[in-house]
Structure formats: C-alpha cells, structure tokens
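Visitor: Good morning. Could you take me through this structure step by step?

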2 protein chains.
Amino acid sequence: MSMIVNRRDLRFQLFEVLKLDSLLAHPRFDGCDQAVVEDVFDTAETLAEQIFLPLAGPVDAQEPMFVDGRVQQNAGVGDALAAFAEAGLFAAGFDEEFGGLQLPNSVTLAAQGMFSCANIGIANYAFLTIAAAHLLSAFGSDRQKQTFLPPMLEGRWFGTMCLSEPQAGSSLSDIKTRAELIDGTSYRITGSKMWISGGDHELSENIVHLVLAKIPGGPPGVKGISLFVVPRYRVGADGDIGAWNNIALAGLNHKMGQRGTTNCLLNFGEAGDTIGELVGEPHNGLKYMFHMMNEARLNVGSGSVMSALGGYLYSLDYARTRPQGRRPQDNDPSTPQVPIVEHADVKRMLLAQKAAVEGAQALILYCANLLDRRDIESSAPAKARLSALLDILTPMAKSWPSEHCLEANKLAIQVLGGYGYTRDYPVERLYRDNRLNHIHEGTYGIQGIDLLGRKVRMQDGAAFRALLEEISLTVEDTADIAEVAEFREALAASLGALQSATKDVLECSDLPRGLANATAYLDSFGTVVIAWMWLRQAIVAIRTEGWESDCFYAGKVAACRYFFRYVLPRAMTDLALVASLDDTCMNVDPQQFIGV
Amino acid sequence: MSMIVNRRDLRFQLFEVLKLDSLLAHPRFDGCDQAVVEDVFDTAETLAEQIFLPLAGPVDAQEPMFVDGRVQQNAGVGDALAAFAEAGLFAAGFDEEFGGLQLPNSVTLAAQGMFSCANIGIANYAFLTIAAAHLLSAFGSDRQKQTFLPPMLEGRWFGTMCLSEPQAGSSLSDIKTRAELIDGTSYRITGSKMWISGGDHELSENIVHLVLAKIPGGPPGVKGISLFVVPRYRVGADGDIGAWNNIALAGLNHKMGQRGTTNCLLNFGEAGDTIGELVGEPHNGLKYMFHMMNEARLNVGSGSVMSALGGYLYSLDYARTRPQGRRPQDNDPSTPQVPIVEHADVKRMLLAQKAAVEGAQALILYCANLLDRRDIESSAPAKARLSALLDILTPMAKSWPSEHCLEANKLAIQVLGGYGYTRDYPVERLYRDNRLNHIHEGTYGIQGIDLLGRKVRMQDGAAFRALLEEISLTVEDTADIAEVAEFREALAASLGALQSATKDVLECSDLPRGLANATAYLDSFGTVVIAWMWLRQAIVAIRTEGWESDCFYAGKVAACRYFFRYVLPRAMTDLALVASLDDTCMNVDPQQFIGV
C-alpha cells in the first residue's frame, strides 16, 4: 500500500468523474491519452516514493541553518530536486515551445501532489519555480521569457514570490520596497521582504525573485504596486550568470513544519545595488502577481490535501495492523484483541479523513480542470464563465483543506494514539506541515473577505450564480437515483440556505457588519461545495454496475454518506449564524477580553 | 500583562462564582481565607513567571537525551522543581499531619495551573508526584505512607504512574507485567511499561513508580490487576535509599511537545530483581489506580486549559500592538494601519479563545470544588451525589478542553499569522504541547465510551439525573434576568436535546450501535456543560452593579453570548446525529477505505 498516493482514486477522479478523456481529445493535448497520463504518474510516484519520501524525516529534523552568510541544509534536498528536474517535471505543464509536455493542469497538479505528500518541504522549491515561470510566460516580455524560462524549466534556476514585508503581511497596500528607474526597464530595488519561501539557498544556479515594489511618484496603496523580476545573480545579455545582485539573507525563520523549505528575510539593495527589471506595465504589479498567487493558492490547497492524505494512508495502515481491545459486546479478555480498524470510533476517524481528503481533492482537481477548459475555450462568454467559477472557487479551494484536512491530520495522530505523538511516526510531522496552510498565500480570514467582500459580489453576482447553476445541475442529474435522494435533498436545502444567507449579507447596508462573519461564510460555503463534490463522486459510483460489491465504489458512497450526515449539518448551523448578521464579535470592546 | 494567569478571572471564578468563602468557613480550612489564597497565588505566580516560563523555550528546544544509560536534560529543570519544592507546593494540598497546608483542591489546582501555563514540560513531574502521593495517602499502608509520603511531599522523591505497555495502551485488560510473591507484601516485578512520563531522570533522589501488574493465578482481564509501589532505588526499613532496583530505561520517546517531561519505555526485572510492594488488596489495583487517574484526568483538562490560556494571553497582547490593515469602510491607504485587535475576525478568534479557555477553566474549578465539598461532606447521600457529579463530569473535564482548547491554540497561532508559525513565539509550542491531551489518560474515544457506556448508565442514571438537576437549577435561577433570557432558553433547549438523545441511545438494544457515536455524544454533552458554566458566570456578572460599564463583567457577558451563538448550536446539530443512532461509521467495511 502506497503512503503517498491512491492511484485508483486519482484514476477515478480524473477519468471517471472529470472525464479527462474528453479534454484530452482537444488538439492541444495531441498524443496525450490515459496511458501517457499513467506513465507520468508512474514516474512521479517512483521518484516521490524512492527519493522524496525517505528524506521527509531527516529534512524535518535537520532544518536549514544560516552559517557564514550561507544556507546549509540536508544535501538530499538538492539531489531530490535534481531528480525532479531530470524527469522533466519542471516543464511538464508548459508549452512545447518552451520544452514542455503541454500536459493538462489537472494532470501536473495530481503528479505534483505525490511530491507534496512525500515531502512538501522539498517540493515547495519546485512548485514556486513552476508558478513563477507561469507568471513570466503570461506577462513577461519576450526577452524575459527567453532569458528566464529555459533555465527555470530545466530546474537550474529556481523562482520565488516576494510580497510580504515585516510591517506588511496581509496588508499589501503598505509595502515599502522601492524601485527607482535607472534606465529602460531597469530599476534599483531597495527594501526588505519577509516570509520568502526558497528566498535563499545553494540548491540552484540562480534564484529568480518576483518582487512587488513601489515606483516613487506612483499612486498610493495597491494601485501603486509594480512587479519586478530580480535575480539573485545578475544575468548578462547572453543569459550568463554575472555578479551577485546584493540580495542579502538577513535571517531564516525557524518554522513549526515544512522545514525543508528555507523561509527568509531578504534585504534588497542594502550592501550595494540590487537591479530588477519591470514586468509588464508599471503599477499593474498586483494584477500580475495574482496570476501566480491564484496558482499558489491552488497549490496550497493541494498541499494541504496531500499532507492529510499522508496521514490518512499511514493511520489506515496502522489501524489495520495494530491489535487493541475488543468489540463492545465482547467482554472476554481471553479472546484475541482485534485490529483497531474494527472499532466504530476508529472507523469514524478514518471515514472523516477520507471524506475530507477525497472531497477536497475532488475540488482541487475540479479547479485544475476548469483552468484546462478555460485555456482551450474559444467562446468568450464560456471562457468568462469558467474564469468566474475559478475566481469564486479559489478562496475555498485554498481554505477549506487548510481547516478540514488539518483536522484530518489531527485524527491521524489520534488513530496512532501515543505513537502518533512521537516523531518515530510521520503523522505528527504532517500535522505540523499542514498548519502553515491556514496562514500563507492569504489567511483564512483574508480568503473569507475575498469571497464575501469581492467574489460573490463581482459582476453583479455572476460568479456566484454560475456556481449555483453548476451545483443545481448535479442536483437535477441525480433525480433518477434513489440511493442519493437523501443527499440530493440535503444539498438542495444547503444551496437554499447559502443563497438566503448570501442575500441577507449583501442586502445589509452596514458593510463591516456584513463582513463580520465572513470566515464562517467561507467555511460553510466551502462545506456546501465539498458536499457537491461528494455527490458528484457518489453518482459516478452508483452508476457503475455492481458498485455495492466493489469496495472502491461502496467506499465512495459510504464517505459521501458520512459527509452529508456528519459534516454538512454543521455548515447549515453556521449559515444560520451568517444569515443572522450576528455582531457579537465585531462589537466586543478590545478592553473586554481580559477586563483588567 | 501576565502571560501565565489572569488573576482577576481566578478571583472571579473562585470567590464570585464558586463562593469559595463558604467552603473556607469549614473547620478543615481553619486559618485559610481569601488573603491566604491570594498569598499562595502570589508565590505561585512569581515562581512560575520567573523560573518556569523563561525555561519553556529552551526545554522545548533541548529535549531529554539518553546518554550512557542516563537521561541528560536542561539543568534548569531540576532547579525549577527544587524551587517548587522549596515553596512548599508539593505538600500544599495535603493534610497538616504530612506537613501540608490543607488547602482546598480548587486552590491548589488553580496555583498549579500557573505552572502548567508557564512550562507544562517541567510542571508534569510535580503533578505526577502529587497525584501518586494522593493515591498512597488514600490506599497505602501506614508504613508505606510513612516511607514514601514525606520525601515525596518534600519534593525529594518523584512519582509516576505505570499502566500502559507496548502491546496494551487503551486496553488495560491485556497488560502482561507480572508480580510474583517473594514474601509478605514483596513481589518480583517483570515486564515492560510504555509511555511512562517522568519514568526516568536524574532530577530526584528516588522515583516512586506505581505499577499495575498481574499476580499469576489471578482472574483474567482487568479483574486480575494489582497495584504495586516500585521505587527506582530500594528503600530500607529506615527509609534510606538502597540499591538500584533494576528498572532499566529502554528508551525515551521523542515527542511533538511537552518535551521537558521524559517519556520512557521501562523494563522491570530484566537485569536483576525488581522488587515491588503490593498496595492494598490483590486484584483491586485498577480501582486504586483510578483514584490517581481521575486526578490525572482533571490535571490533563487543566493543563489543556492552561496551554490555551498561554496562547490566548500571548495572541491578545500581540493583537493589541500589531498594526495591520484598516477597517472595511476605510480604503484610504494613507491613513495609519490599525492594531489587528480592531478587526472583526481577529476579535472572533480572541473571543473564541476566551470562551473556550474561561468556560473550560470554570468546569475544571467546579470539579475541584466538588472534590473539596465531597471531602468535607458528612451526610452520606450528599457525599454520594457529589461523587456522582464528579464521576460524570470527569470525562468531559478531561476531554472537552483537549478538543476545544487545542482549537483555541490553533487560533492563537492564526492571530500571529506567519510569526505564529515560527519558534520565535510561544504559540506554536503551546499548540504542540496541547495536542497530547487528546491522547493520554484515556483518549477522546475512550472517554466517550466511559461517559455513554458507563457514567450515564450507572446507578440507574443517578449521576446523569443529578447533573441535569444542577443545570436546571441554574436555568431556574436566571428566570428574573432579562439579559440572559436568550441563553436560558438555549440552555434549556439543549438540555432537552441531551435528555432525548441519551434516552434514544439507552433504549437502543444494539449496544455497539448505541455506542457508535459516543465521541460525538461526549463532545456535545461537554459543550452543553460549558454553556452552563458560561451562564453561571454571566449571572454573576449581570448581578453585579454597573456591570455594563465594567470591562471585566461586560467581557464575561460577551464571551457567554459568543458561546451560545457560535458554539452551542453545533452541539445541537451533533446531538441530533447522536439521537439518530447513525450507523455509517460502525458499518463501513474496513476494505472500503481505500478500496483497492
């Protein structure tokens, strides 16, 4: 039993639920069929399992150190990334013109997931590089693409995103990093950037920082932010690596988890000139950066799912082999103990993990599939609809796993009991790794405001309506399936509650009050969406001949039932709270917390 | 602002809500009044803050190592415990005849809580010693008391509880450790004990292990378990320390948190004879051990509350001083940023922490007060009722904090954002520390079965009825307070739902099905009890003249409102699930989890 992937489930999600075959029929994916996808997965699984996974414990135990101005870390990190590059996985999703395989996003994301599960601390370097390369391929000049993309897609140069500063984390309008024009598109960059994952290391020949900075004289706030590509080593006209670009590592953050990834405070332009190049137009930097940020958000959601998958697989394997206790009706201590997977409460903890992991995984792959469909869509209105669906689902795809798949990791520890609390087993590390996902790339609270303050309102509610239509289509599609009547009705009821709560909030003339429970809104909306994902899976399972006697399909229906009975009702409770426009939190006087 | 205690809240809980004055009027507490209690708290706070707290980070970073057969750990651990002993805190709750101060349990538990908050990894050694001494004072022979209690209460000898074995964690009926009679009450002990906190170290002159073992020929299962006192070094007739008792440290567990406390695999009688003395009667060991276990369970609950209190205080302090972002209605980036405590979602995270911490703290102190009242109660029926209340509340006092105060720790990290995920701030450590409390001294699942399978059924439901009566008294007591009408009605409704769900389960003839959702029952029952604790606090607050303009009392009412609106409704949802006798979890076939 693999500890990093359930290939059967991936096949189900991609080919049975998302019907990837129909996407692959598009000319863009010429030559790519299910066999090719399985080959890619074989390669990824082997690499992730044989090279990334064995390093997960050591890399966690031996975190990067800042010694004599350089980062020292486990030598295996570089080797693993070299193997990832060697397998062509940096380029796999890129166009053939850049040496890529032009694979669909849903396939590359699923393949990357195996590395997330095996060792997120190493995999992050690759994902950041891929996301940075995507941004440059979308918004960089031809010269920038020619200069940066080949070495990035060969895995020789890595990428980062430099947004936050010590005084400006969630509030990007307050960044202070400055970019002063030298000539043409060359700028002198000065300032400090905080929380930069992969910000410094000795793993690649160069590091390509994508940096948000303000050009003096520009508009205040986020409208005055521009984007710059700022390499660690300057790059000559021929693409050769030149002098150090005076980006100083001021410190490494010592994290609770995801320790393989360096996380840095970087000072630009302190020791000497740091030269960056403008990407795109001045003052449009945040818009470009959102291209990378949305990909990063999907990656965060996926990483969270994969950390939880690791916990689920490990705790399932443990539960099957650990004998402890007897059935409630069996009091005879002379009988043998049963494997704990026989206990109802252990089954509950496993089913809860399965429901969270496979439900959230379905959403991540659904979003990746939306990206793929959008990329090949020729009709403008259809493309806009796919974009709108992505826009509204992204905050949920980022956030829901970070809350509910973290809970799954907590349960994985619990299945192992005391053993789970020790570092001899991977479940506590996976829990620590996953805790980050609530925070980076926009916290839970920020995603809630993005969803309720912006996404459901934009274009007069077009994205919200489009999503409700999609969900309603599934509800209608199940009318003939008696086995899912309970779920269909519950999903329809939750859609009604969601619409009603949304209306109540949007009609509230007091903006702060309307947004006061945005986090509860995000969370419960996400749960409704995951319920939808489970109904989609259950339909496919039940429409399969002989599903009742097939463990895989019967398991899908059991997890769907669990989700609708144990999880969705809580979202209904929370939606009622949202609809009540409760102001308890917004009105509490900060002096009242302690009261002395 | 203290980071380890809210003294104002302690005063409120003990003297305003629990009316400790009336307990202190009893002759047993002669000479102890509120001033004495405050003096004890002053001493505890100073020690905890000045000696325990500064060591929390270092002790976490530098975990105990097993070097040349001995435990090596941060030298400060021993110094801190010596200071704890010097202040007389080992003995504080014991009778004067043993050199104690005869302080009430509620006072000693509250004082100990400051050490839990400051540094649970060190405090555990003291708490285990105190609980072991309590067991010996209740069930030991006079000679055993004379031998062991004085050095334990002087803090020179420490104590442990040795229950689990590698093959028997939750299932004590399967322990294999043997005790063979040598003569009189002396037994030769052989076997391995796992997860022994404080099982080995160089901090005390001796270690007094309380060991569960089976005397060959005894009944099978838990009915054949006896209790032995087994010192690390044998003790002569004069109480002098003699030869090593052949208890070998076979390994240290490397934990996720609470790292200051060694956690050991111990081998008894492997290298030579390990001699133990029987405590009490043969085959009654589990009953005696439950005396210690119930105290340990209350300590675990308290420790969980205190880890969350640390997170709450720290994140509140951070939120008050960290500027970030602006109010929703304020888009002008040239205005100064506001402290994040002004944001509704940050207030939510703080209020959620306050509601969990102060609600659970109220339950812990309520239980300690029950212990105190039971100890001085002369009427047998009244004593039995207090015991019954303690019996039914203990699984909730142990479990509810481990779930909901852990969630509070998660929110404390979230308030700090990226900073909270680093080891430069204490909130991630407190989260790791707290994760243990779900597991040890009976897991969440075990507590659920204890509550639903045993406690609510015992004596024909007497404990359950007694608790409902107590809660109903509070509901009736609020009839004249208009401000709490909403809470009173919600609590009454939740009591109804609880009664009804309990009836449905108890009437179910299928035992496994009735117990299948025991964990959800435990959790939602606990939430109803904590709601009661909040209503009790709100009544006292509102009955105080001028409460609306007093931050402390107004804060109590705000937190009560939060709990009733944001937390209790979820318990209602879960109680409906329990009442439905849902069998999704118990019926899932283990083959269906992965399905391949």
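Guide: What follows concerns the two chains, a helix and some aromatic rings.
Guide: This is a predicted model, in which local features need pLDDT of at least 70, side-chain atom pairs count only at pLDDT 80 or more, and totals for chains, interfaces and linings use all residues. Residues are numbered from 1 along each chain as its sequence is written, chains are lettered from A and ligands numbered from 1 in the order in which they are written, and side-chain values use heavy atoms, without hydrogens and water.

Visitor: By what turn can chain B be laid on chain A?

Guide: A turn of 180° with a shift of 0.0 Å along the axis lays chain B on chain A, with an RMSD of 0.0 Å (least squares on C-alpha atoms of residues with pLDDT of at least 70 in both). That is the relation of a two-fold axis.

Visitor: Which residue of chain B comes closest to the rotation axis?

Guide: That residue is B:Arg570, whose C-alpha is at 3.0 Å.

Visitor: New topic: how many aromatic pairs are there over all chains?

Guide: A search of the whole structure finds 47 (rings of Phe, Tyr and Trp, the last by its six-membered ring, with centres within 6.5 Å; planes under 30 degrees apart are stacked, over 60 edge-to-face, the rest tilted). A:Tyr562 and A:Tyr566 form a stacked pair, 4.5 Å centre to centre with 10° between the planes.

Visitor: And where do A:Tyr562 and A:Tyr566 lie?

Guide: Both are in helix α17 (residues 551-579) of chain A, four residues apart, about one turn of the helix (helices are DSSP runs of H or I, at least four residues, numbered from the N terminus).

How values were computed: Helix = DSSP H or I, 4+ residues; strand = E, 2+ residues; numbered from the N terminus.
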